[in-house]
Amino acid sequence: MPTADPPPVLHTFGLDCAVGAGRGRRVILRDVALTVAAGEVVGLIGPNGGGKTTLLRTLSGALPPARGQVLLHGRPLHRLTARQTAREVALVAQEPSGELALSVAETVLLGRTPHLGMLQRQSRHDEEIAERALREVGVHHLAPQEVSSLSGGERQRVMIARALAQEATCLLLDEPTNHLDIGFQHQVLQLLRGLRITTVVVLHDLNLAARYCDRLLLLDDGGVRASGRPDDVLAPDLLDEVYGVGADPVAASDGTAQLLFRREARPPSTPKEHRP
Ligand SMILES: Nc1ncnc2c1ncn2[C@@H]1O[C@H](COP(=O)(O)OP(=O)(O)OP(=O)(O)O)[C@@H](O)[C@H]1O
């Protein structure tokens, strides 16, 4: 008997995403269709306030869907316990919270928490996984230092190491290249690609998104404006419409398509319908 293909790691249908509660509740995105297969790297792009973080938080289970569902390995995310979700999904938020008083080593070891039983302490095995994650991200030398003493870029890499220590099957990263110098931006994205873990990553740099993502989802005006291969999504006409910036595609020496942005840009405060 033929075996059925495994379900995608992430799948949404009829998904509306909202923030706030009660009378302050606001639907930010409507009808988001997203399917992420095992090992794929999908980039979320779009202008400020377009809903990238809101979608990422909904995919992580931190925000409940306003409508529709998120399926994780074919199972409705809202039916999983926080612990079950944390074994499968690691979210690296834009700003770390709460870990600043801990050392780097302790922070990364926290990534093992979903794998421990009640009152169970981390074992040597957990410490080895945490040490490997620190090495993979190139911050092993910072292990004894307090997170509060790190630079923005070092802190960012520690948070990625913690996500790796979590050994989740799906990584969700909100602007992981924020604060990183150009060398580390490429290093971190190369590392993520090399891990072959299913990844959804918010990126503002469209050239990094083109280079490192298999597919892109462009969020704007309350929904998905385009999705598909980077070459298709990063079409100059669409970028002009969404960002108000002219872009010329050029071939990089390694053959990947990159964008050269023109200097003139429409003022971002001009509503789109009134732009020249
Ligand atoms: N808790 C909240 N209450 C009310 N509005 C919110 C809340 N969180 C986010 N928003 C609003 O939701 C919209 C989408 O925000 P979101 O952070 O998802 O956008 P983004 O695409 O990640 O933006 P950026 O590129 O600037 O990080 C914004 O208009 C934002 O002000």
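## Exercises on a helix pair and a ligand shell

The crossing of α4 and α5 is right-handed. The structure is a predicted model, so let's work through it step by step.

**Exercise 1.** Describe how α4 and α5 are arranged relative to each other.

*Solution.* Start with what needs to be stated: two packed helices are described by the angle between their axes and the distance between the axes. Here, the axes of helix α4 (residues 124-136) and helix α5 (residues 152-165) cross at roughly 140° and come within 8 Å. Next, compare the angle with the cut-off: only angles over 145 degrees count as roughly antiparallel. The two helices, α4 and α5, are therefore oblique to each other.

**Exercise 2.** List the residues through which α4 meets α5, and sort them by class.

*Solution.* Take α4 to begin with: its side of the contact consists of Ile-129, Ala-130, Ala-133, Leu-134 and Glu-136. Across from them, α5 offers Ala-161, Leu-164 and Ala-165. Sorted by class, this contact of α4 with α5 holds 7 nonpolar residues, 1 charged residue and no polar ones.

**Exercise 3.** Find the elements that supply at least two residues each to the shell around the ligand, and give the make-up of that shell.

*Solution.* Begin by collecting the residues around the ligand: Val-19, Gly-20, Arg-26, Ile-28, Gly-46, Asn-48, Gly-49, Gly-50, Gly-51, Lys-52, Thr-53 and Thr-54. Then assign them to elements: β2 (26-36) and α1 (52-60) each supply at least two. The largest share, 3 residues, belongs to α1. Finally, the classes: 8 residues of the shell are polar, 2 are nonpolar and 2 are charged.

**Exercise 4.** Judge how compact the protein is for its length.

*Solution.* The protein has 9 helices and 12 strands. Its radius of gyration is 19 Å, close to the 19 Å that the globule rule gives for 276 residues, so the protein is as compact as a globular protein of that length. Along the principal axes, its C-alpha trace spans about 60 × 50 × 40 Å.

Notes. Residues numbered from 1 in each chain as written. Predicted model: local features only at pLDDT ≥ 70, side-chain atom pairs only at ≥ 80, totals over all residues. Axes fitted to C-alpha atoms, helices over the stretch in contact; angles between N-to-C directions. Helix = DSSP H or I, 4+ residues; strand = E, 2+ residues; numbered from the N terminus. Parallel < 35°, antiparallel > 145°, perpendicular 65-115°, else oblique. Left-handed = near helix turned anticlockwise from the far one by under 90°. Contact = placed C-beta atoms within 7 Å. Nonpolar A, V, L, I, M, F, W, Y, C, P; charged D, E, K, R; others polar. Near = placed C-beta within 6 Å. Rg over C-alpha atoms; globule rule 2.2 N^0.38 Å.
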